Amino acid sequence: MPSTILDPTGGSSPAAPADGRPTPRSTAVRLRGARIGLLENTKHNAALLLQELGALLTAEHHVAALVPYTKRNFAVPVPDSLLHELADGCDAVITGVGDCGSCSGSAVADGILLERHGVPTAVICSDAFTASADAMAELTGDGDFPYLTTSHPVASLTPGQVRERARQLLPALVDRLTGAAPGAATAAQGATGPGACAGTTSTAAHTAGTGGAR
């Protein structure tokens, strides 16, 4: 049975490989005809944001099916039973929203677990909690794990604002799932990386405000 280690958010995380190197992960999917899992973590507006992103992927990138899932405890990694269900039933997964310390860390843990099971995964976190997300990635031996950031807060947005937020996130989401290099729109917003200051626009800074890839 795989061991677990404590994470900085108080839950558990996938253990880092014994040799210190990240387990190879699947990072690309062809969106046309794909079956996309939408794994929401019960945080307010999380389900709506994922639904809006799914609708955009369906309309503009021709995904074949959207399958909603709910993780009932946002503060810990996805249960094994749900992990295997997602891995068996989805070509790719979108999950979030990490808008607190514990849920950001666990969302990144979910993304790492899913990709180690062969499922490309886009994790969405609030830009206010990137420290927790980065700490989880480092803890699992996958410190360069890429996730998407969006402006904090998400929970207080109106449905119309959630729809606009989804539109802003879409270019980075598509790049993340397809394994493409960040497009012009994403690069203009900025990519994210550990230790960068929020609001800095560069290829190694956390995106502030809209949506970008780490």
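**Exercise 1. Determine from its relative accessibility whether Cys125 is buried or exposed, and establish how many disulfides the structure holds.**

At 0% relative accessibility, Cys125 counts as buried, because buried means under 20% relative accessible area, exposed means over 50%, and partly exposed lies in between (1.4 Å probe, protein chains only). This is a predicted model, in which local features need pLDDT of at least 70 and side-chain atom pairs count only at pLDDT 80 or more, while totals for chains, interfaces and linings use all residues. Residues are numbered from 1 along each chain as its sequence is written, and side-chain values use heavy atoms, with hydrogens and water left out.

The next step is to look for a partner, a disulfide being a pair of cysteine sulfur atoms within 2.5 Å. The structure holds zero disulfides; for Cys125, the nearest cysteine sulfur is that of Cys103, 7.6 Å away. Cys90 is also buried, since its relative accessible area is 8%.

**Exercise 2. Identify which residues of the largest nonpolar core touch the most other members, and which helix or strand supplies the largest share.**

Begin with the term: a nonpolar core is a set of buried Ala, Val, Leu, Ile, Met, Phe, Trp, Tyr and Cys residues joined through side-chain atoms within 4.5 Å. The largest such core has 28 residues, of which Leu53, Leu57, Ile94, Leu173 and Leu177 touch the most other members. At least two residues come from each of β3 (35-40), α1 (46-61), β5 (92-98), β6 (121-126) and α5 (159-178), where helices (H or I, at least four residues) and strands (E, at least two) are DSSP runs numbered from the N terminus. The largest share, eight residues, is that of α5.

Then follow one member outward, taking contact to mean heavy atoms within 4.5 Å. When residues up to four places away in sequence are not counted, Ile94 touches, among others, Ile36, Leu50, Leu53, Leu57, Ile124, Leu173 and Leu177. Apart from this core lies another, of twelve residues, among them Val78, Leu83, Leu86 and Val93.

**Exercise 3. For the salt bridges that Arg167, Lys71 and Arg176 form, name each partner and compare how the residues are buried or partly exposed.**

A salt bridge is a side-chain nitrogen of Lys or Arg within 4 Å of a carboxyl oxygen of Asp or Glu, and a search of the whole structure finds five.

1. Arg167 pairs with Glu60, the closest N and O atoms being 2.5 Å apart; the pair links helix α5 to helix α1 across 107 residues. Arg167 is partly exposed at 36% relative accessible area, and Glu60 is partly exposed at 36%.
2. Lys71 pairs with Asp110 at 2.6 Å between the closest N and O atoms. Lys71 lies in the loop between β4 (65-70) and α2 (80-89) and Asp110 in helix α3 (residues 101-116), so parts 39 residues apart in sequence are tied together. Both Lys71 and Asp110 are buried.
3. Arg176 pairs with Glu115, with 2.7 Å between the closest N and O atoms, and links helix α5 to helix α3 across 61 residues. Arg176 is buried at 8% relative accessibility, and Glu115 is buried at 1%.

**Exercise 4. State where pLDDT stays under 50, and how many contacts beyond four places in sequence the model has there.**

Here pLDDT is the predictor's confidence in each residue, from 0 to 100. The protein averages 81, and 72% of the residues score at least 70. The value stays under 50 over residues 1-13, for which the model has 31 such contacts, and over residues 15-22, for which the model has 16.
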